[in-house]
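I set out to record what could be looked up about empty space, surface and backbone in this structure. The entries follow in the order in which I made them.

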Amino acid sequence: MTDWTDPDTFAQALEQVETKEKGNCFEDFEEGDLIEHDPGLTLTQFGNEQWMSQTLNHDPAYWRADAAAERGFEEPPVHPDYLTAATLGITVEDLSEKGGYFLGRTDVRFPGTPVYTGTELHVESEVVNTATSSSRPEYGIVSWRTRGKDAETGDVLCSYERTNMIPRREPVATDGSGAAAAEAEDAEPEFPEEFIAPEGGYFEDFAEALEDADDENAAVAYRHERGRTQDDVTVAQLPLSTLNTAKQHHNVDVMSDSPSGDIVTYGDVTRSTALGHARSDERTWREVGFDDESFHTFVAVGDTVYAFTRVIEAEETASSDEAGTVTFQHIAFNQDDEPVYSGTRTAEIRKRSN
Ligand SMILES: C/C(=C\C(=O)SCCNC(=O)CCNC(=O)[C@H](O)C(C)(C)COP(=O)(O)OP(=O)(O)OC[C@H]1O[C@@H](n2cnc3c(N)ncnc32)[C@H](O)[C@@H]1OP(=O)(O)O)C(=O)O
């Protein structure tokens, strides 16, 4: 009788059997395709608190009933970063489990917030663009518009447009020029002579710092002291808790033979950690949205995520008289001072007088 567990026999069997594949390749996506993602996810208090605690998002309004009520919430709501990460996590099995990398995202909005724990998410994505990568013939570049909805009411809670590199079944001939490199060569860098940091974290502090920088060759820009070294929890556990099945985060065996050579942190963990550092130095009222998010290089176990903030604009008006609206650029960087993530964030920030 055949002993299937005999190492030689088993190796021979493994070589000859078919692999039941997971995920889709570049060729499987066509502009206009609508994909309903099967895994649902109920946004639990545990999931929310685990995400927030590990990414250092310790704003008490998301933890304590009294602090939530003081900010106009019925109870501690689901944090927008966890909502965003869970909306994306559910899509990975259909969109990007095959491999490739999360390159960027824009137009992240929360039309149906606040969202409370116990809400079941239903997520759908539409293919909005497929493109050839001129620098990497073995990959294509795909963008999707994704909507995370309340499964009961159909209300859209979170939506965004995201772009990934996705492996092709067959490499294609490209000119290898790299559109991004050509663009970067043309750009003339402008660097301010002076850097101003706001005195505090209220709306007025950001507005005053911007006024001080006005008409000068100055920028309102500063770094945050906290850092978070990546470990098994942030690299593997947090993405899996959002049903993100990307092998980049939990399969060391496969990833040892990839561009990163190792498992890497979920982009949403990196950005949420950097945002947590930034929010710890401000009086956030509400999150409004995120644009032009890019992931520049990999973050792996042992890397430390820090944050840098540039204040771009401050507007008196917001959804409440208690706050004004501020636009920031946040840059996450590692222990070697290399940028790993950048994005523009619009948030309502509490006014001091109230
Ligand atoms: C979720 C999820 C997975 C993850 O969370 S993975 C973790 C987050 N992402 C990363 O760690 C990736 C970090 N990025 C990199 O390490 C490098 O960008 C990468 C992927 C190695 C590629 O580097 P290159 O230097 O080879 O190339 P470029 O940066 O120039 O980009 C390659 C082509 O992509 C185009 N591109 C880049 N960003 C965007 C964007 N935001 N939108 C549209 N297109 C973009 C770029 O123009 C290049 O195009 P070419 O035609 O010139 O090839 C999960 O799996 O879902």
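**Pocket, cavity, surface and backbone**

I began with the lining of the largest pocket and sorted its residues by kind: 14 are nonpolar, 11 are polar and two are charged. I note at the outset that the model is a predicted one.

**Entry 1: the largest pocket.** I looked up the volume of the largest pocket and found about 420 Å³. Its lining consists of 27 residues. Nearest the centre of the pocket I listed Tyr-101, Phe-102, Leu-103, Phe-295 and Phe-298. I then asked which elements each supply at least two residues of this lining. They are the helices α4 (80–95) and α9 (267–279), together with the strands β2 (102–109) and β5 (156–167). The largest share comes from β5, which supplies three residues.

**Entry 2: the largest cavity.** I next turned to enclosed space. Rolling a probe the size of a water molecule over the atoms shows where empty space is left. I recorded one cavity of 30 Å³ or more. The largest cavity holds about 40 Å³ of space. Which residues line the largest cavity? I wrote down Asp-59, Tyr-62, Arg-71, His-79, Arg-279, Thr-284, Trp-285 and Glu-287. Strand β9 (residues 284–295) gives the most to this lining, namely three residues. By kind, I entered four charged, two polar and two nonpolar residues for the lining of the largest cavity.

**Entry 3: a nonpolar surface patch.** On the surface I found a nonpolar patch formed by Phe-10, Leu-14 and Val-17. Together these three residues have about 300 Å² of accessible area. I placed Val-17 in the loop between α1 (7–16) and β1 (34–42). Is Val-17 buried or exposed? I entered Val-17 as exposed, because its relative accessibility is 52% and the class begins over 50%.

**Entry 4: Glu-188.** I located Glu-188 in the loop between α5 (179–186) and β6 (194–196). Its relative accessible area is 72%, so I classed Glu-188 as exposed. I also checked the separation of Glu-188 from Arg-147, which lies 41 residues away along the chain. The C-alpha atoms of the two are separated by 37 Å.

**Entry 5: a cis peptide bond.** I went through the backbone for exceptions to a general pattern. Most residues other than glycine have a negative phi, and most peptide bonds are trans. The bond joining Thr-113 and Pro-114 is cis, and I noted an omega of about 5 degrees. Pro-114 belongs to the loop between β2 and β3 (120–132).

**Entry 6: positive phi values.** I noted that Leu-243 has a phi near 65 degrees, a positive value in a residue other than glycine. I found Leu-243 in the loop between α7 (232–241) and α8 (252–255). Leu-243 counts as partly exposed because its relative accessibility is 32%, between the limits of 20% and 50%.

I made a second such note for Asp-292, a residue other than glycine whose phi is positive, near 50 degrees. Asp-292 has its place in strand β9. I asked whether Asp-292 is buried or exposed. Its relative accessibility is 54%, and I therefore entered Asp-292 as exposed.

Note on methods
Residues numbered from 1 in each chain as written. Predicted model: local features only at pLDDT ≥ 70, side-chain atom pairs only at ≥ 80, totals over all residues. Heavy atoms only, no water. 1 Å grid on protein atoms, 1.4 Å probe; cavity = no way out; pocket = protein on both sides within 12 Å on 5 of 7 lines; lining within 4 Å. Points joined across faces, edges and corners; volume = space filled by probe spheres on them. Helix = DSSP H or I, 4+ residues; strand = E, 2+ residues; numbered from the N terminus. Nonpolar A, V, L, I, M, F, W, Y, C, P; charged D, E, K, R; others polar. Patch = residues over 30% accessible without salt bridge, like charges linked within 9 Å, V, L, I, M, F, W, Y side chains within 5 Å. Areas by Shrake-Rupley, 256 points an atom, 1.4 Å probe, with all protein chains shown as cover. Salt bridge = Lys/Arg side-chain N within 4 Å of Asp/Glu carboxyl O. Buried < 20%, exposed > 50% of the residue type's maximum accessible area, 1.4 Å probe, protein only.
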